[in-house]
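Dear colleague,

Please find the structure below, together with its sequence. I should be grateful if you would read the notes that follow alongside it.

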2 protein chains.
Amino acid sequence: MKNDNFLRALLREPTEHTPVWIMRQAGRYLPEYNATRKKAGSFLALAKNPELACEVTLQPLERFALDAAILFSDILTIPDAMGLGLYFAEGEGPKFERTVRTEADVARLGAADLESLRYVFDAVSLIRKSLDGRVPLIGFSGSPFTLACYMVEGGGSDDFRTVKSMLYARPDLLHRILALNAQSVTAYLNAQIAAGAQAVMVFDTWGGALSDAAYREFSLAYAKEVFAGVTRTAGGRIVPRIFFTKGGGLWLESMAKAGADALGLDWTIDIGAARARVGDQVALQGNMDPAVLFSSPEAIEREAKRILASFGTGPGHVFNLGHGISQFTPPEHVHALVEAVHRHGRNPSPA
Amino acid sequence: MKNDNFLRALLREPTEHTPVWIMRQAGRYLPEYNATRKKAGSFLALAKNPELACEVTLQPLERFALDAAILFSDILTIPDAMGLGLYFAEGEGPKFERTVRTEADVARLGAADLESLRYVFDAVSLIRKSLDGRVPLIGFSGSPFTLACYMVEGGGSDDFRTVKSMLYARPDLLHRILALNAQSVTAYLNAQIAAGAQAVMVFDTWGGALSDAAYREFSLAYAKEVFAGVTRTAGGRIVPRIFFTKGGGLWLESMAKAGADALGLDWTIDIGAARARVGDQVALQGNMDPAVLFSSPEAIEREAKRILASFGTGPGHVFNLGHGISQFTPPEHVHALVEAVHRHGRNPSPA
């Protein structure tokens, strides 16, 4: 591999520079992405077409000196492969034709049909081939709890009324959904690794909406199950795992013991304070507020330097935003960020 | 006063039971509130009519054995009194006719005209008289930063793109807005205290959307200014202050030094862990997930007991939700909560 700084940083090994990639780096802020998406017809058609998914995965690497590629896909492919019927209503978020709310719904629910996710694994193989060792490829999945949110609510939610009602009134039902999700996520990530993913990330987008006690019981516990079952090495190399709970800053000590090599941080926590709390247990990925990218190249550089300085010297930092990049971001501001990280993130004295 | 448990708990004095009130307790989940609102014509007409504001403030006390009343008003009265033109579009949140985005906008901005907020102070006086010492009355304001979010964005926001662009690219402009806001919030709370408010709360609804560094510089610093200027005693009694940053769990140690007597907690932090972190510096208010109220009386009681047990014995706990009550809450579930808190929250051994 030509540039494995990303993989080494995740394992807290010395790197030449602080590696950087950006959540949702292949996305609507890029005109070339929008062109390919238009060609595909819809977001879902794009995600389900391995050639086009490969095309958009590589687009941001052509523009910016990013240190990793991430599979272009959706976090909700698994419930789709459980037969719930994922679709995107115009101008709205993801929705499911069928929800999982009653005892009967839960009884009917089965593990995801991996064969129907062949398009994902084909995309992974194709991207790996196209990358040709340029940078590592990240595979990913939504966390068992985050998938359950969408499965029970039937789409996004402001207050997670339905899934939280189930959590408090019928925890047994939610536990059955989560056990199935954990099993499916594990198999899904392992198939991505088998197809060529060199690192994997679990996105727990909604775990931060839970109380402390509920997070531990309904989100963290099932993320642990996933990491316990995920393939550790492929092609003679460790496949590092990243665990990201948005809004999870209060739970870092527990997250650090979940079985991941690195934790993703949102921007609400100071990365130096996070490092002090987790010590040398895990690497850290993050954590610039995506909104900084709306400001100016000077402000972006200032903030990147601040975060790099707060992390300090020594290995174990992958620079990223604290959440997915906004569609309203000027692409030249991403360029300013990547350049600033590479210019200032030299990790001068590996610990 | 017949029941001053709430005021005593805020000052960490022993109480007969753990006092409880509910953020947004006079709200759309109550049919009688909706009837009064209909009579008023709109939310804003209701807030601006002292007699009707008094009527809805008292409604939840008729149904539930709550230990405090809170002025019925809106957090955005101050920018309205700065001449920005608050209005509510049907089915949407609050909006302003004029935003504050440019250097010229900021130069034009003046302190709130307290005389135009007379309707708030009249409501406070009227409610105090109507309460007749039954329970204490809480006055409140949005925090300087939260007000600035609405003033700059012109309404609610998913990503606070505009105000964060200003924060990173033109921090000087945002600081000028915040200084004005802090001055106006202080004067506003003092006028509420003069009119009869017996405790005050600062709602920092959006501070939790900031990075650690930005929170300290743009939200916390101005909340401190407010508390430094707020009247300490009225009628020979301390007027306790509550400071609530939603999503502020990572910053409790710093918030505890802001000059408030109590911190409001959202539900993402374990209240026992929060207490261990702030020690005896402040009382704590919270922190049940409002979504628990969607479940069942049994689950509500279980969760209330869990939170009371986590806080532990000794004074300094005001029970509340971790955020405003949802309009979809069954009122009988609120009854179940208040009864459960009073049954189990006996603070048996004051520290």
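The notes below describe a strand, a helix pair and the contact between two chains.

This is a predicted model, in which local features need pLDDT of at least 70, side-chain atom pairs count only at pLDDT 80 or more, and totals for chains, interfaces and linings use all residues. Residues are numbered from 1 along each chain as its sequence is written, and chains are lettered from A and ligands numbered from 1 in the order in which they are written.

Strand β4 of chain B (residues 137–142; strands are DSSP runs of E of at least two residues, helices of H or I of at least four, numbered from the N terminus) is largely enclosed by the rest of the structure, because six of its six residues are buried (20 or more other C-beta atoms, placed from the backbone, within 10 Å of the residue's own). Leu137(B), Gly139(B) and Ser141(B) point one way from β4(B), and Ile138(B), Phe140(B) and Gly142(B) the other way. β4(B) pairs in the parallel sense with β5(B) (residues 199–204) over five bridges (pairing requires at least two DSSP bridges). Ile138(B) stands opposite Ala199(B) in β5(B). Strand β1(B), residues 69–70, also pairs with β4(B) in the parallel sense, over two bridges, and Ala69(B) has Leu137(B) as its bridge partner.

In chain A, Ile78(A), Pro79(A) and Leu84(A) of α5(A) meet Leu147(A), Tyr150(A) and Met151(A) of α8(A) (contact means C-beta atoms, placed from the backbone, within 7 Å).

Between the chains, 29 residues of chain B are in contact with 29 residues of chain A. On chain B's side, α9(B) supplies the largest share, five residues.

Yours sincerely

Note on methods: Two residues are in contact if their C-beta atoms, placed from the backbone, lie within 7 Å. A residue is buried if 20 or more other C-beta atoms lie within 10 Å of its own, exposed if 12 or fewer, and partly exposed in between; C-beta atoms are placed from the backbone.
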